[in-house]
Amino acid sequence: MPRPAASKTLTYEAWAIVAPGLESLLAAELQALGFVDAEANPGGVAFRCDLGGLARANLNTRLASRIVVRLAAFKATAFHELERAARKVEWARMLPEGAAFDLRVTARKSRLYHTDAIAERVADAITRGVKGARASEGVDDDGDAESVLPVEMDAPPAEAAAQTVSQRFLVRFEHDRCTISADSSGPLLHRRGYRQAVARAPLRETLAAAMLAGARYDASQALVDPFCGSGTLPIEAAMLARRIAPGLGRPFAAEAWPEGDASVWLSERAEAESRILPRAPAPIEGSDRDEGAITAAESNAVRAGVADDVRFTRRALSDLELPTERGLLVSNPPYGLRVGEKAPLRDLYSRLGQVVRARGAGWRVALLSADRALEGHTGLRFTEALKTSNGGIPVRLVIASARGSVR
């Protein structure tokens, strides 16, 4: 489907934010989406795009947590310099008249270091530049100022976008250089809209997708998660296998930008929908011994549109069944960070290794691990695929072949 010519008149310097350790995976993902200049940097990936590209990146990235675009960059060592430069920014490009905005300000190794004072000057510039603009305040469950109210994710994207109440701007000072960016995403991108029911210690959708990418999951092979919790890993695998864009069921902040073009977003959504396959080509299964987790997983799969592609079963690890001779067992097992939890987990990891070796000689195993000692109890010869963090806990994705892995 040809993209509207209107998108060619706008060019953005975009920055896709990602968890540390996942930058190279995100760069590869964006390059596969057509952004050939995507370049990995600490904390994110830089790339250039037009409006259609911005929509395509937001709709299709499985790994990024947010995509922002640069509005201005300048040096300022005094507040009058900041005020003068901020008043030159074309705020009305991203903020409609009468709309609310919020600011996220950081300052490092700069003469202007008082973030509240910086925010006050920038907010004044915005209200001068956009008629009726007003600052809003709010904190979301990620510790960030929230850019939108909770939205009804089952509503059509256009209706959900209409619920947007605040545009976020990011102001970053480092070594006296100020960079101002506009958030194009709105709610963090791991919020696909399907995970309304959660089990204990839920895995973020973006990290689940990174595990699949790091393990080189091939949609033609079977996948099993024996500690599935609320089902995030199997659901993300099913969406990937069916080529369902993760952002199809949610709105984005950039859809409300005055310089935006609704037809561009409609075109990109239609193109994403045209790529969806009717079913996953191989079995995808999740199991857990907790009945509540399985109930949550099944409900989430329905909302994600993959209920017919994933089979969830309540069962103990000892009863694990592998549906094919070859496949990928991928999971985020318990870490046992509290005192007294290590002993039972040693037995759990040992049992996992025994089960895989006995029943899955042709399978690969990928685990998100926070403890090398627990890994060792599996008897599998793991290699490290990536390092990142999960809820502030340093973790590693480790991969092994079940065949001949006894240490």
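Which residue in β8 is the bridge partner of arginine 70? The partner is serine 181. The model in which this pair appears is predicted, and the report below works outward from the strands around that bridge.

**The chain overall**

The protein chain has 407 residues, and buried residues make up 53% of them. Its secondary structure comes to 11 helices and 15 strands. Of the contacts between residues at least 6 apart in sequence, 76% join residues at least 24 apart. The chain exposes about 18400 Å², with 49% of that area supplied by carbon and sulfur atoms.

**The sheet of 8 strands**

Arginine 70 and serine 181 belong to a pairing of strand β4 (residues 66-75) with β8, which run antiparallel and are joined by 7 bridges. Both strands are part of an open sheet of 8 strands with mixed pairing, in the order β2-β3-β1-β4-β8-β7-β5-β6. At the edges are β2 (39-41) and β6 (134-135), each of which pairs on one side only.

Strand β8 is largely enclosed by the rest of the structure, because 6 of its 7 residues are buried. On its other side β8 (residues 177-183) pairs with β7, again antiparallel, through 6 bridges. Within this pairing, valine 171 stands opposite isoleucine 180, and glutamate 174 stands opposite arginine 177. The two strands form a hairpin with 2 residues between them. One residue in the turn, histidine 175, has a positive phi of about 55 degrees.

Strand β7 (residues 166-174) is also mostly covered, with 7 of its 9 residues buried. It runs parallel to strand β5 (residues 100-108), and 9 bridges join the two. Here arginine 104 has leucine 170 as its bridge partner in β7. Strand β5 in turn pairs with β6 in the parallel sense over 2 bridges, and alanine 100 stands opposite arginine 134 in that edge strand.

The pairings in this part of the sheet are set out below.

| Strands | Sense | Bridges | A facing pair |
|---|---|---|---|
| β4 and β8 | antiparallel | 7 bridges | arginine 70 and serine 181 |
| β7 and β8 | antiparallel | 6 bridges | valine 171 and isoleucine 180 |
| β5 and β7 | parallel | 9 bridges | arginine 104 and leucine 170 |
| β5 and β6 | parallel | 2 bridges | alanine 100 and arginine 134 |

As a rule, side chains in a regular strand alternate between the two faces of the sheet.

**Helices against the sheet**

Helix α4 lies across β5 and β7, running at about 140 degrees to β5. Glutamate 120 is found in this helix, which spans residues 115-129. Is glutamate 120 buried or exposed? Its relative accessible area is 54%, and exposed means over 50%, so glutamate 120 counts as exposed. Its C-alpha atom is separated by 9.9 Å from that of alanine 135, a residue 15 places away along the chain. Alanine 135 lies in the edge strand β6 (134-135).

Helix α1 (residues 23-32) packs on the sheet too, touching β1 (12-17), β2 and β3 (44-49). The direction of α1 makes about 20 degrees with that of β3.

**Nonpolar cores**

The largest nonpolar core holds 99 residues, and those touching the most other members are Phe47, Trp91, Leu103 and Phe169. Three of these can be placed on strands of the sheet: Phe47 falls in β3 (44-49), Leu103 in β5 (residues 100-108), and Phe169 in β7 (residues 166-174). Beyond its neighbours within four places in sequence, phenylalanine 47 is in contact with residues including Tyr12, Trp15, Leu30, Phe35 and Ile67. Of these, Leu30 is part of helix α1 (residues 23-32), and Ile67 is part of β4 (residues 66-75). Another core of 18 residues lies apart from the largest one, and Leu320, Leu352, Trp363 and Leu380 are among its members.

**The sheet of 7 strands**

A further open sheet is built from 7 strands in the order β11-β10-β9-β12-β13-β15-β14, and its pairing is mixed. The edge strands are β11 (311-314) and β14 (383-390), each pairing on one side only. From one strand to the next, the twist averages 20 degrees. Inside this sheet, strand β9 (residues 222-225) and strand β12 (residues 326-331) pair in the parallel sense over 3 bridges. In that pairing, valine 224 has leucine 329 of β12 as its bridge partner.

How values were computed
Residues numbered from 1 in each chain as written. Predicted model: local features only at pLDDT ≥ 70, side-chain atom pairs only at ≥ 80, totals over all residues. Heavy atoms only, no water. Buried < 20%, exposed > 50% of the residue type's maximum accessible area, 1.4 Å probe, protein only. Helix = DSSP H or I, 4+ residues; strand = E, 2+ residues; numbered from the N terminus. Pairing = 2+ DSSP bridges. Contact = heavy atoms within 4.5 Å. Areas by Shrake-Rupley, 256 points an atom, 1.4 Å probe, with all protein chains shown as cover. Axes fitted to C-alpha atoms, helices over the stretch in contact; angles between N-to-C directions. Core = buried A, V, L, I, M, F, W, Y, C linked by side-chain atoms within 4.5 Å.
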